[in-house]
Amino acid sequence: MDYFYGEILAIIRFQLIQNDWSDGQVAEERNIHMQNMEHLMALENRNGVVHICTSEEVAGALRFALQSPKIVIGFPDSFSVGPLWSLNDKIGQNFRKQWLFDCFINEEKEIDYEKNFTNTLCQINSIPKHVPIYIWYSNNACEQTGLRYYLYLMREKQNKVFLLNCSELNDNPKQTFHYTDRLDSIVLKDIFEKSKEIEALCDEQHYQLQREWEKLSETKEVLRIWINNGIQSVPENYYDLLIIETIEKLHQQQRVKDYILCGILVGEILSKMVETADGTMDDRFLEYRIRQLINNGVFESNGDPKSMRHYSVKIR
């Protein structure tokens, strides 16, 4: 058994070496992936657990908060935006990747989205069959969509799966958290302690959530919100009115209507959304919609739109 997994790990290591991992941030992603793969192999003969969450930020907090032996897999994607059509297959993954690259401007040196995505799928597929799996999420479109996707990916696995809805398990009576990345390591640790009282997901629940993903993967909409305890696809211009209302209020604070840095506008929009289940929205999507409003003649721009820090906008 150890020889078999050692062979798998050697093959994965060889494949990673063949890729160009020279960029520092990409190399860091590679190291996390390799560590996770090694730990997954080690869990085969240990009483460890696997945690899956949406975003590397939450994964980092979980790695700090929870005891070993464990492996934490953070999915490197934002599932509230971008097409989900046929994401179960390579054609859909390429379709999504192309849409993201066409619509979003990368402010830093481009990270290889495809490699990170593929490596994470490999990690999930490599989870040993006896290891308990904990999926962390909250009540928002991004994490709820991710939850359904992960369960679809694990549809053939017989592992016990535990769902940790942080919006419901958080004890703070004064504040409702719609995003897991708003919780600090102490709260995450407390939530995991409570999970010992939670029953594993039954086959019927697993199948229901899996079917919900299959329906989502048949759609071509590129924006989703969480409303009435469900994921709803909406037109991509859904937030345009909010963007326009926000810049109008910022103009009212000026003596003379003038250009406003795009990053400031995006930050102001996010501050209005932060207490709702559909915020915070991916800032790249908001910036994309601002560029669409420029193209449609609603906004004027000044500067180079290579990133939201480099150009300003005002309403016509």
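Two residues are in contact here when heavy atoms of theirs lie within 4.5 Å, and in that sense Ile290 touches Ile243, Cys262, Leu265, Val266, Phe299, Tyr311 and Val313, not counting residues up to four places away in sequence. The model is a predicted one, and this briefing looks at its nonpolar cores, its open four-stranded sheet, a pair of packed helices and two loop residues.

**Nonpolar cores**

- In soluble globular proteins, nonpolar side chains tend to be buried together.
- The largest nonpolar core of this model has 62 residues, and those with the most contacts inside it are Ile290 and Phe299.
- Apart from that core lies another one, of 19 residues, which includes Cys53, Phe177, Leu188 and Ile191.

**The open sheet and the helices packed on it**

- Four strands, paired in parallel fashion, form an open sheet in the order β2-β1-β3-β4.
- The strands β2 (70-75) and β4 (161-165) stand at the edges with a single partner strand each, so one side of each is left without a neighbour in the sheet.
- From one strand to the next, the twist averages 20°.
- Strand β1 (residues 49-54) and strand β3 (residues 133-137) run parallel and are joined by three bridges, and His51 stands opposite Tyr134 in β3.
- Helix α3 packs on the sheet, where it touches β1, β2 and β3, and the direction of α3 makes about 165° with that of β2.
- Helix α5 (residues 113-125) also packs on the sheet, touching β1 and β2, and the direction of α5 makes about 145° with that of β2.

**The packing of α3 with α8**

- Two packed helices are described by the angle between their axes and the distance between the axes.
- For helix α3 (residues 56-65) and helix α8 (residues 185-194), the axes come within 9 Å and cross at roughly 70°; angles of 65 to 115 degrees count as roughly perpendicular, and α3 and α8 are therefore roughly perpendicular to each other.
- On the α3 side the contact is made by Ala61, Leu62, Phe64 and Ala65, and on the α8 side by Ser185, Leu188 and Lys189.
- The residues of this contact divide into five nonpolar, one polar and one charged.

**Two asparagines in a loop**

- Asn228 is found in the loop between β5 (224-227) and β6 (230-233), and its phi is near 50°, a positive value in a residue other than glycine.
- Asn228 has a relative accessible area of 74% and is exposed, because exposed means over 50%.
- Asn229 is likewise found in the loop between β5 and β6, with a positive phi near 60°, and at 66% relative accessibility Asn229 counts as exposed.

Methods: Residues are numbered from 1 along each chain as its sequence is written. This is a predicted model: local features need pLDDT of at least 70, side-chain atom pairs count only at pLDDT 80 or more; totals for chains, interfaces and linings use all residues. Side-chain values use heavy atoms; hydrogens and water are left out. Axes are lines fitted to C-alpha atoms, for helices over the stretch in contact, and angles run from 0 to 180 degrees between N-to-C directions. Angles under 35 degrees count as roughly parallel, over 145 as roughly antiparallel, 65 to 115 as roughly perpendicular and the rest as oblique. Ala, Val, Leu, Ile, Met, Phe, Trp, Tyr, Cys and Pro count as nonpolar, Asp, Glu, Lys and Arg as charged, and the others, Gly among them, as polar. Two strands pair if DSSP finds at least two bridges between them. A nonpolar core is a set of buried Ala, Val, Leu, Ile, Met, Phe, Trp, Tyr and Cys residues joined through side-chain atoms within 4.5 Å. Buried means under 20% relative accessible area, exposed over 50%, partly exposed in between (1.4 Å probe, protein chains only).
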